[in-house]
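Biologist: Before I use your description of the ligand site, I would like to hear how each term was assigned. Please show me what you are working from.

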Amino acid sequence: MTKGVNICNRFLDLVPIYVERWFWLLSISGDSIFARMIQDGFRQQGLRARLVQELRRKEAGNERVWEAMQRVPRHLFLDTSFGQFAYRDVAFPIGAGQTISQPSTVARQTALLGAEPGQRILEVGTGSGYQAAVLAELGVELYSIERQSALYSSTRGLLQQLGYQGIKLFLGDGYEGLPREAPFDGILVTAGAAVLPQELLRQLKVGGLMVVPLGAKVQTMTRIRRLSENDFEQETFGECAFVPMLGGIVRR
Ligand code: SAH
């Protein structure tokens with residue numbers, strides 16, 4: 001009797017694995033949005049839920065940010081051979097000497113920005129597109145700039161495949177921002193700026209927030225609030241380590 005129950009439970013345990021494998025077989029036949037979607041199987045969703053629990057324990061983020069991160073398939077933003085690292089709280093190389101930020105850093109920066117649905121947000125440093133996808137899941141109108149053309153092109157393709165066509169991507173120098181699209185309710189810089197990018201301050205709405213890792217060697221997570229046309233308030237949130245924010249565009 002007991003044995004029968006065990007066999008039944010074992011069978012029920014196996015069903016999701018077989019369903020997932022079957023979807024995988026379908027998914028390797030093409031690179032469509034459908035294929036990408038079904039590559040986010042039960043296993044990855046489970047690992048993601050565990051990562052989100054870890055972020056909650058570390059108090060990195062807030063409820064809205066964790067919900068957004070639960071929806072974004074981070075493993076698809078890394079090279080497939082590194083997929084097993086996607087749901088650990090670590091930064092990872094994404095090519096062109098750049099990194100995808102650590103999940104707890106993404107959660108902290110996104111929470112500090114505190115963006116509301118419908119707000120116009122500028123991200124500097126598109127990189128893998130992961131932070132951009134998390135912001136898009138919050139329902140903001142997102143503009144994102146990347147200075148490396150190779151990353152800009154590959155990430156543009158990926159975000160389209162994943163259904164994030166609404167994100168407006170630009171190849172450019174983030175120090176200059178996007179004067180034609182300004183002003184922004186919020187600006188999120190995901191590279192370490194040695195000095196405060198003055199042009200970005202000008203592109204912030206009064207009442208708007210800019211979150212930026214600031215400093216030459218050691219960086220400090222900094223949040224600037226524009227109080228009026230000429231007044232800004234600055235808060236700091238501890239040390240952090242980002243790849244440097246560099247000037248100019250790198251063409252292939
Ligand atoms: N937000 C990214 C993090 C990428 S790392 C992610 O989620 O993956 C930082 C990125 O900033 C790199 O891709 C780097 O090329 C880019 N970067 C550095 N300086 C820049 C600048 N002045 N303008 C635009 N992008 C810049």
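Modeller: What follows takes the ligand contacts and then the pocket. This is a predicted model, in which local features need pLDDT of at least 70, side-chain atom pairs count only at pLDDT 80 or more, and totals for chains, interfaces and linings use all residues. Residues are numbered from 1 along each chain as its sequence is written, and side-chain values use heavy atoms, with hydrogens and water left out.

Biologist: What makes a polar contact between the ligand and Ser128?

Modeller: A polar contact is a pair of N or O atoms within 3.5 Å. A ligand oxygen lies 2.7 Å from an N or O atom in the Ser128 side chain, so the pair qualifies.

Biologist: Why do Leu246 and Arg147 count as well?

Modeller: A ligand nitrogen is 2.6 Å from a polar backbone atom of Leu246. For Arg147, a ligand nitrogen is 3.4 Å from a polar backbone atom.  Both values are within 3.5 Å, so both pairs are polar contacts.

Biologist: How do you know which residues surround the ligand?

Modeller: A residue is near if one of its heavy atoms lies within 4 Å of the ligand. By that rule 27 residues surround the ligand, Gly125 and Glu146 being among the closest.

Biologist: What makes you say that the ligand sits in the largest pocket?

Modeller: A molecule sits in a pocket if more than half of its atoms lie within 2 Å of the pocket's grid points. The ligand is assigned to the largest pocket, so it meets that condition.

Methods. A polar contact is a pair of N or O atoms within 3.5 Å; within protein, one must be able to donate a hydrogen and the other to accept it, and residues adjacent in sequence count only if both atoms are side-chain atoms. On a 1 Å grid over the protein atoms alone, a cavity is a set of points where a 1.4 Å probe fits but cannot get out, and a pocket is an open set with protein on both sides within 12 Å along at least five of seven lines; lining residues have an atom within 4 Å of a point.
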